[in-house]
Structures are given as structure tokens and as C-alpha cells.
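Let's take a friendly walk through this structure together. Have the sequence and the 3D view at hand as you read.

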Amino acid sequence: MKKRVYSGIRATGRLHLGNYLGAVKGMLALQDSYDCIFSVVDLHTITVPYDPSVLQGSIQEIVLDYLAAGLDPKKCLLEIQSQVPQHTELAYLFSTIYPVSRLEDLPTYKEKKAQYPKYVNMGLLYYPVLMTADILLYKGELVPVGIDQEPHLEVTREIARKFNSMYPSTGSGSLTFPEPVRFKTNGEHVPSLSGTGKMSKSVEGSYITLTDDLETIRKRLRAAPTDSGTKGGEIPKEGGVANLFKLLELFADNKTNTKYTHDYRQGTIRYADLKEELSQAIYKELAPFQARRKEFEANPKLVESVIEESIRECQKMAEETMKEVRKKMGLE
Ligand code: TRP
């Protein structure tokens, strides 16, 4: 039997190049060899301040991005987390076997608390428990996510272990949860246009979305910081110039790369030219994706029916797990 893979992306707007190279490309590679479920995790999205009037739109954006990128509902299931209510039911049941103190200690929780001191809600504390329910609802074993999610997966394994030992399998109820591990895909570190850190949805001026047209890409790159270009010598290891070169490496051909590396060393680099060539290289990579996305956008009925069917399948699988869980916990 193929191993099951589960992963999700929060609905905070359109996907950008970082998500594409870091997450979606990995998903694409996995759908051919594993039994995959990819989710839009809207219930996780609402643990930080958000605008309810645009949430449905943001969910749809991710669905369209998933489909346009090539995730194929014939090969993998796509779900919208809140439409499979078993996620929250299982999360609640898991919360009864897991200590609050352990959740309060997680780095992600502490970061969010510092970031939104007026918005420290139960959902934020509960975040890793819901994530655990996402994965274990489908008995997922492999989870393609970034290294920042490792502490959450540790919680997932602890909960699986604890559930298995507190509610051991008897003859009829044979449910045993797997202990899922992070699945490293060849996700690239895509640097921010702002010159520091990585491309991020929450940092304006740091990203290029998958749906940006050539003019928008040019505009965003023009705003990226550089230096005078006359220094010469080795290319810096960090900062705006370093990030532009990293992007060149990811998107431009060897010849272009070699040319600008040479120019930098000589102190004759023209950043306007570099940015123009980089804009075109990025746009070239995105154009086929954008064409497919337009087709899906023009066909909302098709998208709706494809997703509905996929969600129905997920609900069926989820209910099977829940039956076993309720039985084991004496609720049925
Ligand atoms: N916490 C993940 C993130 O921020 C999103 C997520 C929610 C997720 N549930 C998941 C990822 C289950 C993998 C599996 O990226």
C-alpha cells in the first residue's frame, strides 16, 4: 500500500514564488507516488486577525492555485478543512489527552503571542492539536512542510503515541495512529525581495505572486534594494544583491547568471538590466501556470464540482476514522 501524505496551506491570499518552489512543487512530485491529501486549512487561518468578508475569496484563490499548478484531483484529494467537520471533532477529542503546559511552551505559540498581544486566543494555543487532527484524521504518515513546523509534528507524534496507549486496540477496534514524520521535498529557500529573510506573504514588498503579470513583476523587482554596483569583488552573502543573485540562480539560465556574476566582480553591473532579465525569466516560468489558471477561472462550475467530489471522498474517509475513535473512547 502507498504511504499517505497530508499537507495544508493557510488561506491568506494568493500563493507566491516561495510557496510554489517550497511547497507546491513538492506536492506535485508526491502526487504521482503517494496517496495524497492536500488541504486549504481555513480554520488555522482564523487564529490570527483576519477579514471574514474576504476569507471565502482567499480559500478559492488557493484552490485555483492548487489546480493550476497541476495538482490533479484524479491523483490526489483536495479538501477545504472546515468542510470536513470531523477535523474539529477529532481536535476536541485529542485536546482531552494533551497537557496545556506543553502547548504554552511551543515556539510558534510564543511568537504569535508576541506578534498579536491583543489576540491571544484559545485557537492559537489549540493550533497544533488541530493540525494533529488534520493529519491523523487520514492516518497521514508523511507531511511535506517546512522545518518551522517540526515542533508541531512533535506534538502530533506525542498525541498519536498517547492515544494509542490510552486507548489500546482490542480485537474489534484495531485503530492505531501512525507517528507522522516531516517529509523533506527539494523546497528551495526563496529569498525576499526586500533584502532580508525569505519571501513571505506577511511582508509587503517581499514577494511575487504566481499570478503577477510581467509589468507587476518588473515593478516589484525595481523596488528591490541593490548597491552602487561599482564596488566589484565577490558577490555578498546576504542582503539585497545576494538575494537578486539567488533569484537569478533559481530562474535564469547559466549564461545570464555568468554574465551578471562577471559584471558584479568587475564593478560594471547594471542592476536595471539584471532586473529586467530576471523579470522575464520569472514570468516565463509562470506563464503556463497563469494560462491554466485562467481556464479554471473561466470555469467555476467545473472547479466547484471537482472540489465537491474530492471533499465528499475526504468526508467518507474522515467519518471512518471518527467511528473508530468514538468507539475506542467509549462515545459510541
Ligand atoms: N501549520 C501549517 C503551516 O503554517 C499549516 C497546516 C495546518 C498543516 N494543518 C496542517 C500543514 C497539516 C501540514 C499538515 O504551514
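What follows starts at the ligand and then moves outward to a pair of helices. Please keep in mind that this is a predicted model.

Begin with the ligand and its surroundings. There are 13 residues around the ligand, and R10, H44, Y127, D134 and Q149 come nearest. By character, the shell divides into seven nonpolar, four polar and two charged residues.

Now zoom in on the polar side chains. In R10, a side-chain N or O atom sits 3.1 Å from an oxygen atom of the ligand. Nitrogen atoms of the ligand come into play with two other residues: D134 places a polar side-chain atom 2.7 Å from a ligand nitrogen, and for Q149 the corresponding distance from a polar side-chain atom to a ligand nitrogen is 2.8 Å. How much of the ligand's accessible area does the protein cover? On its own the ligand has 360 Å² of accessible area, and 92% of that is covered by the protein.

Which elements build this shell? Strand 1, residues 4-9, and helix 7, residues 122-137, each contribute at least two residues to it. Helix 7 provides the largest share, with four residues.

Since helix 7 has turned up in the shell, let's follow it to a neighbouring element. Helix 4, spanning residues 86-95, has an axis that comes within 8 Å of the axis of helix 7, and the two cross at roughly 120°. Because of that angle, helix 4 counts as oblique to helix 7. As for handedness, the crossing in which helix 4 passes helix 7 is right-handed.

Note on methods: Residues are numbered from 1 along each chain as its sequence is written. This is a predicted model: local features need pLDDT of at least 70, side-chain atom pairs count only at pLDDT 80 or more; totals for chains, interfaces and linings use all residues. Side-chain values use heavy atoms; hydrogens and water are left out. A residue is near a molecule or strand if one of its heavy atoms lies within 4 Å of it. A polar contact is a pair of N or O atoms within 3.5 Å; within protein, one must be able to donate a hydrogen and the other to accept it, and residues adjacent in sequence count only if both atoms are side-chain atoms. Accessible areas come from the Shrake-Rupley method with a 1.4 Å probe; for residues, only the protein chains shown count as cover. Ala, Val, Leu, Ile, Met, Phe, Trp, Tyr, Cys and Pro count as nonpolar, Asp, Glu, Lys and Arg as charged, and the others, Gly among them, as polar. Axes are lines fitted to C-alpha atoms, for helices over the stretch in contact, and angles run from 0 to 180 degrees between N-to-C directions. Angles under 35 degrees count as roughly parallel, over 145 as roughly antiparallel, 65 to 115 as roughly perpendicular and the rest as oblique. A crossing is left-handed if the near helix is turned anticlockwise from the far one by less than a right angle, and right-handed if clockwise.
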